[in-house]
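Opening the notebook on this one. I'll jot down what I look up as I go, starting from a single residue and working outwards.

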Amino acid sequence: MNAVIQSINAGQTNIENLAQTSCLSYKQFKRIFSEYIGANPKDFLRIVRFQKALYTYLS
């Protein structure tokens, strides 16, 4: 999951590519990601994009 989080921070937003990074199928990735992070990947990516936009706006 650390590699996935680093990929997200680097700008990777395709969930299928993130699943490949973690060597999991799409369905397994969604389930395990939700267990570790507490949100599904799609929602988490929305939050990250919003935080980046907010940071850019306030800077």
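**Entry 1: one residue to start**

Does Leu18 count as buried or exposed? I looked up its relative accessibility, got 1%, and so I put Leu18 down as buried. A reminder to myself that this is a predicted model. Leu18 sits in helix H2, which runs over residues 15–21.

Next I asked which residues Leu18 is in contact with, leaving aside its neighbours within four places in sequence. My list reads Val4, Ser7, Ile8, Gln12, Phe29 and Leu45. I also checked Leu18 against Tyr36: they are 18 residues apart along the chain, and their C-alpha atoms are separated by 15 Å.

**Entry 2: the whole chain**

I stepped back for the overall picture. I count four helices and zero strands in the protein chain, and reading along the sequence I get α-α-α-α. The C-alpha trace spans about 40 × 20 × 15 Å along its principal axes.

How much of the chain is buried? Of the 59 residues, 25% are. For the contacts, I took pairs at least 6 apart in sequence and found that 48% of them join residues at least 24 apart. The exposed area of the chain comes to about 4400 Å², with carbon and sulfur atoms supplying 53% of it.

**Entry 3: H1**

Back to the N-terminal end. Three of the Leu18 contacts I had listed, Val4, Ser7 and Ile8, turn up again as buried residues of H1. They cover an arc of only 100° around the axis, so I have them on the same side of H1. What covers them? I find H2, H3 and H4 included in the cover. On the face of H1 turned away from the buried side, I noted the exposed residues Asn2, Gln6 and Asn9.

Ile5 is also in H1. Its relative accessible area is 22%, and since buried needs under 20%, I have Ile5 as partly exposed. Leaving aside neighbours within four places in sequence, Ile5 is in contact with Phe33, Ile37 and Phe44. I tried Ile5 against Leu58 too: 53 residues apart in sequence, and 24 Å apart in space, C-alpha to C-alpha.

One backbone detail after H1: Gly11 follows the helix and has a positive phi, near 110°.

**Entry 4: H4**

H4 takes in residues 41–58, which is 18 residues. I checked its reach from first C-alpha to last and got 26 Å, close to the 26 Å expected at 1.5 Å a residue.

Which residues of H4 are buried? I have Pro41, Phe44, Leu45 and Val48. Looking down the axis of H4, I see these buried residues fall within an arc of 100°, so they line one face of the helix. Their cover includes H1 (2–9), H2 and H3 (26–37). Two links back to my earlier entries: Leu45 is a contact of Leu18, and Phe44 is a contact of Ile5.

On the face of H4 turned away from its buried side, I listed Lys42, Phe50, Tyr57 and Leu58 as exposed. Phe50, Tyr57 and Leu58 come up again with Leu54 in a nonpolar surface patch, about 520 Å² of accessible area together. Leu54 lies in H4, and at 38% relative accessibility I count it as partly exposed.

**Entry 5: salt bridges**

How many salt bridges are there? I come to two.

One joins the side chains of Glu35 and Arg31, at 3.6 Å from N to O. Both residues lie in H3, four residues apart, about one turn of the helix. I have Glu35 as exposed, because its relative accessibility is 55%, and Arg31 as partly exposed, with a relative accessible area of 46%.

The other is between Asp43 and Arg46, whose closest N and O atoms are 3.8 Å apart. Both of these lie in H4, three residues apart, again about one turn of the helix. Asp43 is partly exposed, with a relative accessible area of 32%. I noted Arg46 as partly exposed too, at 46%.

Methods. Residues numbered from 1 in each chain as written. Predicted model: local features only at pLDDT ≥ 70, side-chain atom pairs only at ≥ 80, totals over all residues. Heavy atoms only, no water. Helix = DSSP H or I, 4+ residues; strand = E, 2+ residues; numbered from the N terminus. Buried < 20%, exposed > 50% of the residue type's maximum accessible area, 1.4 Å probe, protein only. Contact = heavy atoms within 4.5 Å. Expected span 1.5 Å × (residues − 1). Arc of directions from axis to C-beta. Areas by Shrake-Rupley, 256 points an atom, 1.4 Å probe, with all protein chains shown as cover. Patch = residues over 30% accessible without salt bridge, like charges linked within 9 Å, V, L, I, M, F, W, Y side chains within 5 Å. Salt bridge = Lys/Arg side-chain N within 4 Å of Asp/Glu carboxyl O.
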